[in-house]
Amino acid sequence: MACKPHPPLMKKHSQTDLISRLKTRKVLGVGGEDDDGEVHRSKISQMLGNEIKFAVREPIGLRVWILISAVAFTVMALMALVFPNQLYEVVFEEELSTTSISIRLYGGALLSLALIMWNGLYTAEKVIIQWTLLSEACYFAVQFLVTSITLVEIGTMSNAAILLLLSRVLFLVVTLAYYYHLGRRPKKI
């Protein structure tokens with residue numbers, strides 16, 4: 001029996017066949033525009049999303065502000081933990097008559113906030129930066145209220161306390177301004 005040689009197989013090169021490639025991409029659901037107007041190059045990028053879409057357009061000076069906040073919170077926390085009586089005397093211009101545990105607990109809370117600030121400094125995610133700024137703003141608002149009420153109860157208004165209150169209002173305004181600008185949607189061009 002003589003074997004007939006088989007004709008060589010004709011391979012279809014889908015890379016060179018443009019119509020076939022377009023049909024395949026259409027079946028897979030990639031290559032076309034989605035609802036947001038983005039063109040996905042693969043099913044994986046369509047599923048995972050485009051990282052450019054999540055890139056944060058940061059306001060000018062945001063990272064510097066978070067760095068200043070992180071350093072300030074860390075320094076204040078360490079002062080409250082190590083020198084609680086002196087920190088109280090600077091603000092209220094009188095000696096701490098009770099135990100210093102409340103000032104040390106305040107230092108621990110400040111240190112926790114400082115860790116949040118340091119985390120917010122090194123992240124690129126918009127949501128984490130927003131929560132960092134919001135927690136900082138809440139701290140400044142609560143500290144302003146607590147310090148104001150305490151000063152009214154004591155009945156003294158020292159220069160250091162007034163300076164502290166004014167600085168807290170200023171820090172609150174700056175933090176809320178960054179929070180507002182970070183939360184705005186960018187204008188489409």
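In this predicted model, the count of salt bridges comes to one. Its partners are Arg63 and Glu58, whose side chains meet with 2.6 Å from N to O. Both residues are partly exposed: Arg63 has a relative accessible area of 22%, and Glu58 has 33% relative accessibility. Arg63 counts as partly exposed and not as buried because its 22% is not under the 20% that marks a buried residue.

From this pair of side chains, turn to the protein chain as a whole. Its secondary structure comes to seven helices and zero strands. Read along the sequence, the pattern is therefore α-α-α-α-α-α-α, in the notation where a helix is written α. The chain has 189 residues, and 28% of them count as buried. Its accessible surface comes to about 14100 Å², and carbon and sulfur atoms account for 66% of that area. Contacts can also be sorted by how far apart the partners lie in sequence. Among contacts between residues at least 6 apart, 62% join residues at least 24 apart.

Two of the helices can be described by their length. Helix α6 covers residues 126-154, which is 29 residues. From its first C-alpha to its last it reaches 42 Å, close to the 42 Å expected at 1.5 Å a residue. Just after α6 comes Gly155, with a positive phi of about 90°. Helix α7 covers residues 159-183 and has 25 residues. Its reach from first C-alpha to last is 36 Å, close to the 36 Å expected at 1.5 Å a residue.

The next topic is the interior. In soluble globular proteins, nonpolar side chains tend to be buried together. The largest nonpolar core here has nine residues: Ala70, Phe73, Ala77, Leu110, Leu113, Ala114, Met117, Tyr139 and Phe140. Helices α3, α5 (101-122) and α6 each give two or more residues to this core. The most come from α5, which gives four. Leu110 is one of the core residues. Leaving aside its neighbours within four places in sequence, Leu110 is in contact with Phe73, Met76, Ala77 and Tyr139.

A second, separate core has eight residues, including Leu121, Ile129, Leu133 and Leu182. Leu121 lies in helix α5. With 13% relative accessibility, Leu121 counts as buried, because the limit for a buried residue is under 20%. Its contacts, apart from neighbours within four places in sequence, are Arg63, Ile66 and Leu67. Arg63 is also a partner in the salt bridge with Glu58. The C-alpha atoms of Leu121 and Thr132 are 9.0 Å apart, and the two residues are eleven places apart along the chain.

Which residues of α7 are buried? They are Ala161, Leu164, Leu165, Ser167, Arg168, Thr175, Tyr178 and Leu182. Several of these names return in the contacts of helix α6. Thr147 is in α6 and, at 7% relative accessibility, counts as buried. Leaving aside neighbours within four places in sequence, Thr147 is in contact with Leu164 and Leu165. Gln143 is also found in α6, and at 11% relative accessibility Gln143 counts as buried. With the nearby sequence positions within four places again left aside, Gln143 is in contact with Tyr106 and Arg168. Leu176 lies in α7 and is partly exposed, with a relative accessible area of 39%. Leu176 and Gln130 are 46 residues apart in sequence and 9.9 Å apart in space, C-alpha to C-alpha.

The last topic is the outside of the protein. A nonpolar surface patch of about 300 Å² is made by Leu67, Val71, Val75 and Met79. An α-helix has 3.6 residues a turn, so residues three or four places apart point the same way. Val75 lies in helix α3, which covers residues 62-82. Is Val75 buried or partly exposed? Val75 is partly exposed, with a relative accessible area of 43%. Val75 can belong to a patch because its 43% is over the 30% that a patch residue needs. Leu67, another member of the patch, is also one of the contacts of the buried Leu121. Helix α3 is also among the elements that give two or more residues to the largest nonpolar core.

Technical notes
Residues are numbered from 1 along each chain as its sequence is written. This is a predicted model: local features need pLDDT of at least 70, side-chain atom pairs count only at pLDDT 80 or more; totals for chains, interfaces and linings use all residues. Side-chain values use heavy atoms; hydrogens and water are left out. The expected span of a helix is 1.5 Å times one less than its number of residues. Patches are made of residues with over 30% relative accessible area and no salt bridge: like charges are joined within 9 Å, nonpolar side chains (Val, Leu, Ile, Met, Phe, Trp, Tyr) within 5 Å. Accessible areas come from the Shrake-Rupley method with a 1.4 Å probe; for residues, only the protein chains shown count as cover. A salt bridge is a side-chain nitrogen of Lys or Arg within 4 Å of a carboxyl oxygen of Asp or Glu. Buried means under 20% relative accessible area, exposed over 50%, partly exposed in between (1.4 Å probe, protein chains only). A nonpolar core is a set of buried Ala, Val, Leu, Ile, Met, Phe, Trp, Tyr and Cys residues joined through side-chain atoms within 4.5 Å. Contact means heavy atoms within 4.5 Å.
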